[in-house]
Amino acid sequence: MKIFISILLSVILFTSTNLSAESTKKVLIIASNMIDMGDPEKHDARNNLWEVAPPYHIFLSHGYDVDFVSPNGGKVEFMMDPLGISSYTIKYEGFMDKAKNSFAPEQINPNDYWGVYIGGGYGPLFDVANNKELQSIIAKVYESGGIIGAGGHGAGAFADVLLSSGQYLVKGKNIAGFPNSTEKSKSWAKQGTLLPFLVESQLNKNGAIAQNKKTLEDKHEVVVDQRIVSTMFLPSAALVAKEMIISHKQ
């Protein structure tokens, strides 16, 4: 009987320790340090507040701690005025404290996180998409069973991520992201000519099935495929966070 009780207590202790370890895992938001695109007119390349702050709020409201990381660490900046839930999370949930003190990639242990989220704004295309340390973090979180999420241009930030198999993370997966047709019709980046690449083209180049308003019945749709959660349209960024949580709990 004593042996049975001892074994039972060991099983309970092991189980509770594993559950505790899982419950302490966090979400990592990757953001850009860019301010402009480096052109003479200084086109805006900051992060889009409306694609980062609402997901941050959703993660916190479901009990998950959130860290920020950026290519250089330190302060990351945002475009768009703080309205609605963005205003709330700045005032009451410490959003800007985290955003002003982002970690550098070398300070991040991928094992601490069950999910990675990347919002839009043009910045991530310039300094996140080509950062090998951040690419490695994304790959490690994904390969350990984690969830990757993106809004708007955010999918472009992991379009080039390679897994340990040598295949692209996005290969064979439906990924929503900013469409070429809209990019080429807008002056935000001189019809896309200032960008290092176009999100839709880069996704397709690396084997993804890019999803956008040409292929989706509802441009607000959130696409979930093999633990990658994405949307092309900024009002759905909060929904991406919720779907990431749902996928994480499955």
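The expected span of a helix is 1.5 Å times one less than its number of residues. The exercises below use this rule and a few cut-offs on a predicted model.

**Exercise 1. Helix H2**

Task: State how the reach of helix H2 stands against its expected span, and how far H2 is enclosed.

Solution.
- Step 1. Helix H2 covers residues 49-61, which is 13 residues.
- Step 2. From its first C-alpha to its last, H2 reaches 18 Å, close to the 18 Å expected at 1.5 Å a residue.
- Step 3. A residue counts as buried when its relative accessible area is under 20%. The buried residues of H2 are Leu49, Glu51, Val52, Ala53, Pro54, Pro55, Tyr56, His57, Ile58 and Phe59.
- Step 4. Ten of the 13 residues are therefore buried, and H2 is largely enclosed by the rest of the structure.

**Exercise 2. The two ends of H2**

Task: Which residue caps the N-terminal end of H2, and what is the sign of phi in the glycine that follows the helix?

Solution.
- Step 1. The N-terminal cap is Asn48. One of its side-chain oxygens lies 2.9 Å from the backbone nitrogen of Trp50.
- Step 2. After H2 comes Gly63, with a positive phi near 90 degrees.

**Exercise 3. Two residues of helix H3**

Task: Thr89 and Tyr92 both belong to helix H3. Decide for each whether it is buried or exposed.

Solution.
- Step 1. Helix H3 spans residues 85-92.
- Step 2. Thr89 has 0% relative accessibility and so counts as buried. Leaving aside residues up to four places away in sequence, Thr89 touches Ala53, Tyr56, His57, Gly94 and Phe95.
- Step 3. Among these contacts of Thr89 are Ala53, Tyr56 and His57, which are buried residues of H2.
- Step 4. Tyr92 has a relative accessible area of 56% and is therefore exposed.
- Step 5. Together with Ile85 and Tyr88, Tyr92 makes a nonpolar surface patch of about 310 Å².

**Exercise 4. Salt bridges**

Task: How many salt bridges does a search of the whole structure find? Examine the pairs of Lys42, Arg46 and Lys190.

Solution.
- Step 1. The search finds seven salt bridges. The cut-off is 4 Å between a side-chain nitrogen of Lys or Arg and a carboxyl oxygen of Asp or Glu.
- Step 2. Lys42 pairs with Asp36 at 3.9 Å, N to O. Lys42 is exposed, with a relative accessible area of 55%.
- Step 3. Arg46 pairs with Asp44, and their closest N and O atoms are 2.7 Å apart. Arg46 is partly exposed at 25%, and Asp44 is partly exposed at 27%.
- Step 4. Lys190 pairs with Glu41 at 3.4 Å, N to O. Lys190 sits in the loop between helix H7 (180-183) and helix H8 (199-205), while Glu41 sits in the loop between strand E1 (26-30) and strand E2 (47-48), so the pair ties together parts that are 149 residues apart in sequence.
- Step 5. Both partners count as partly exposed: Lys190 has 34% relative accessibility and Glu41 has 48%.

**Exercise 5. Positive phi outside glycine**

Task: Where do Gln191 and Arg227 lie, and what is the phi of each?

Solution.
- Step 1. Most residues other than glycine have a negative phi.
- Step 2. Gln191 has a positive phi near 55 degrees. Gln191 lies in the loop between H7 and H8 and is partly exposed, with a relative accessible area of 37%.
- Step 3. Arg227 has a positive phi of about 65 degrees. Arg227 lies in the loop between E9 and E10 and counts as partly exposed at 30% relative accessibility.

**Exercise 6. Two loop residues**

Task: Describe the surroundings of Asn212 and the spacing of Pro235 and His220.

Solution.
- Step 1. Asn212 is placed in the loop between strand E8 (209-211) and strand E9 (223-225). Its relative accessible area is 1%, so Asn212 is buried.
- Step 2. Asn212 touches Gly177, Pro179, Glu200 and Met232, with residues up to four places away in sequence not counted. With Glu200 there is a polar contact between the side chains, at 3.3 Å.
- Step 3. Pro235 is in the loop between strand E10 (228-231) and helix H9 (237-249), and at 49% relative accessibility Pro235 counts as partly exposed.
- Step 4. Pro235 and His220 are 15 residues apart along the chain, and their C-alpha atoms are separated by 7.2 Å.

Notes:
Residues numbered from 1 in each chain as written. Predicted model: local features only at pLDDT ≥ 70, side-chain atom pairs only at ≥ 80, totals over all residues. Heavy atoms only, no water. Helix = DSSP H or I, 4+ residues; strand = E, 2+ residues; numbered from the N terminus. Buried < 20%, exposed > 50% of the residue type's maximum accessible area, 1.4 Å probe, protein only. Polar contact = N/O pair within 3.5 Å; in protein donor to acceptor, adjacent residues only side chain to side chain. Patch = residues over 30% accessible without salt bridge, like charges linked within 9 Å, V, L, I, M, F, W, Y side chains within 5 Å. Areas by Shrake-Rupley, 256 points an atom, 1.4 Å probe, with all protein chains shown as cover. Contact = heavy atoms within 4.5 Å.
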